[in-house]
Amino acid sequence: MIYIIGSGIAGLSAAISLKMSNYPVTVITKRVQGGSSYESRGGIAAATAPNDSPELHAQDTIAVGDGLCDVKSVDYFTREALEAIETLEKWGFEFDKDLRLEAGHSRRRVHHRMDSTGMFLTNFLLKLATKLGINIVEDRVMALKVRGNVVKGFITTGGVSIDDADSVILATGGYAYLWSYTSNPRDNTGDGVALAFRAGAVVGDLEFVQFHPTVTVIDGESFLLTETLRGEGAVLINDKGERFAFKYHEKGELAPRDVLSRAIYNEYRLGRRVYMDLKPIDNFEIKFPSVNEFLRRHGLTRNDLIPVVPGAHYSIGGVRVNIRGESTIRGLYAIGEVANTGLHGANRLASNSLLEALVMGINMPLHIGEDWEGPDLNDGEVLNVKLPSGSREMGLEEIRRLNWDYLGIIRDGDELSRLISIYEDVYLTGIDEWSNAALISYLTAKAALMRKESRGSHYRADYPSRDDARFRRRIYFRMMDHD
Ligand SMILES: Cc1cc2nc3c(=O)[nH]c(=O)nc-3n(C[C@H](O)[C@H](O)[C@H](O)COP(=O)(O)OP(=O)(O)OC[C@H]3O[C@@H](n4cnc5c(N)ncnc54)[C@H](O)[C@@H]3O)c2cc1C
């Protein structure tokens, strides 16, 4: 039996594709409609337009990735994108006819269904999975079983214990919920990365966490104001009425996400407030029904200025794998946001993550059971980490606040060292969600401290420039005492 952990777009597309190729699969998931997939709005990037090509898509991906993209991965995913879209359509999913433009893309190539692509697609995949008779069980995997560097199974909080898995596919999403301000749902606490690390897998690029510039929090409800709003004309102004984005980047509101996030963060530090003005968008209600519905729920309309803050949005780091999803542990795959393939480099191009999740999921039958290669680690340093023996318990809210304060949009060596010493007192070797969250936060802070430069989504106030001579390398971690 092949076990897939997680029911986002990566997990569901893998389950469907494998089942259609007659592999026996079971999906275990914390929450069936949990994870980022269900919340994702903008869409999926693929160069299907006549004036576009995978090469142009690759160029844009590499430009945003700021010197750390794995060119082989970029080439693979931008080419496979076309077939992934075709496969979804063959399975019966309908995209809207127009393609949308998002920041960093030189062409209109974002395939979408209104402004709730993820919800429509997840529901479609769930229906198809049910039709195919795929067993989906709600439970939380809390540890992997690995012997002699081969995955054998796992245990769950619900009491399931598996010892004879043919393969285990982690599709558990990322860890961007671990910051106070976030676009992510509660599920994304980094479980999968922590499970794999504790089992001896190599993890990498953890310091790269992308902040989305425009999250709004109204009456306590967080809501992502998607990039396509700005692509379709929305502008940002501060409380002095200034359209400040051009002060920070020539592309203004369509600047790369990290630049715009820091610009907004900086405006707040200058004592300003920041708003999105939706009035310039034509046919707003038709193009963005879910944003319109959110505003309506809170007694607002498109004519109101909507307050925005940057929030943690996407974790680039994860379980290091090759393009087939193979980790450093035989039989253990990672796909989607839990995986680190090098596609995104130091910064993710918008709408490339659903693409990565889909291509890895859909192509799973081509790779499973092939000769095991595992990832190439020659593009970085693998550091063996001995976990500290702290015993303090720590709640998720405290972890999120600490990360926002010390491991946020603008980082600093002294603050990172302080954060690391706080986490050294915490019990990092447990099986609870909070222990996983603290472990991932500890490793992320360590990597952020080691990367003494600013690159892509990682910005150090004490090292504000990119340093290719020393840091055009990845930082990988492996737990000590593993074969
Ligand atoms: C608001 C928002 C908007 C976005 N918009 C876009 C967009 O327009 N385009 C784009 O490309 N990307 C977008 N992204 C990013 C994208 O949605 C994610 O990268 C992608 O959906 C990840 O898919 P996934 O299947 O890997 O993980 P997820 O969809 O996050 O699913 C993870 C699954 O794993 C389960 N799980 C976690 N831990 C365990 C465990 N221990 N045991 C069992 N199950 C577990 C969860 O319950 C969940 O089912 C957006 C993200 C957000 C938050």
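**Ligand surroundings, domain contacts and selected local features**

In this predicted model, the ligand is surrounded by 40 residues, of which S37, G43, E337, S353 and L354 are the closest. Several polar approaches between the protein and oxygen atoms of the ligand can be described individually. From the backbone, a polar atom of I9 is placed 3.2 Å from an oxygen atom of the ligand, and a backbone N or O atom of G42 lies 2.8 Å from an oxygen atom of the ligand. A side chain also takes part, since E337, one of the closest residues named above, has a side-chain N or O atom that is 2.7 Å from an oxygen atom of the ligand.

The chain is assigned to three domains, with domain 1 made up of two stretches, 2-205 and 312-379, while domain 2 covers residues 211-311 and domain 3 covers residues 381-479. The C-alpha centres of domain 2 and domain 3 are 29 Å apart, and the two domains touch through 7 residues of domain 2 and 8 residues of domain 3. Between them, domain 2 and domain 3 bury about 750 Å², and 76% of this area is on carbon and sulfur atoms. On the side of domain 2, the residues that lose the most area to domain 3 are F211, R262 and Y265, which together account for 73% of what that side buries.

With regard to polar interactions across this interface, the count of salt bridges between domain 2 and domain 3 is 0, and the number of residue pairs found in polar contact, with both residues at pLDDT 80 or more, is likewise 0. Helix α9, which spans residues 257-269, supplies 5 residues, the largest share of the side of domain 2 that touches domain 3. When the residues of this side are sorted by class, 3 are nonpolar, 1 is polar and 3 are charged.

Although no salt bridge is counted between domain 2 and domain 3, the count for the model comes to 40 salt bridges. One of the salt bridges joins the side chains of R109 and D60, with a distance of 2.9 Å from N to O. Because R109 belongs to the loop between α4 (71-91) and β4 (110-111), whereas D60 belongs to helix α3 (residues 54-65), this pair ties together parts that are 49 residues apart in sequence.

Two residues call for a comment on their backbone angles. Most residues other than glycine have a negative phi. In contrast, D66 has a phi near 55°, a positive value in a residue other than glycine, and the position of D66 is in the loop between α3 and α4. A positive phi, near 45°, is also found for M114, again a residue other than glycine, and M114 is located in the loop between β4 and α5 (117-131).

Definitions and conventions:
Residues are numbered from 1 along each chain as its sequence is written. This is a predicted model: local features need pLDDT of at least 70, side-chain atom pairs count only at pLDDT 80 or more; totals for chains, interfaces and linings use all residues. Side-chain values use heavy atoms; hydrogens and water are left out. Domain bounds come from an automatic or database domain assignment. Contact means heavy atoms within 4.5 Å. Buried area is the accessible area (1.4 Å probe) that two parts lose on being put together, summed over both. A salt bridge is a side-chain nitrogen of Lys or Arg within 4 Å of a carboxyl oxygen of Asp or Glu. A polar contact is a pair of N or O atoms within 3.5 Å; within protein, one must be able to donate a hydrogen and the other to accept it, and residues adjacent in sequence count only if both atoms are side-chain atoms. Helices (H or I, at least four residues) and strands (E, at least two) are DSSP runs, numbered from the N terminus. Ala, Val, Leu, Ile, Met, Phe, Trp, Tyr, Cys and Pro count as nonpolar, Asp, Glu, Lys and Arg as charged, and the others, Gly among them, as polar. A residue is near a molecule or strand if one of its heavy atoms lies within 4 Å of it.
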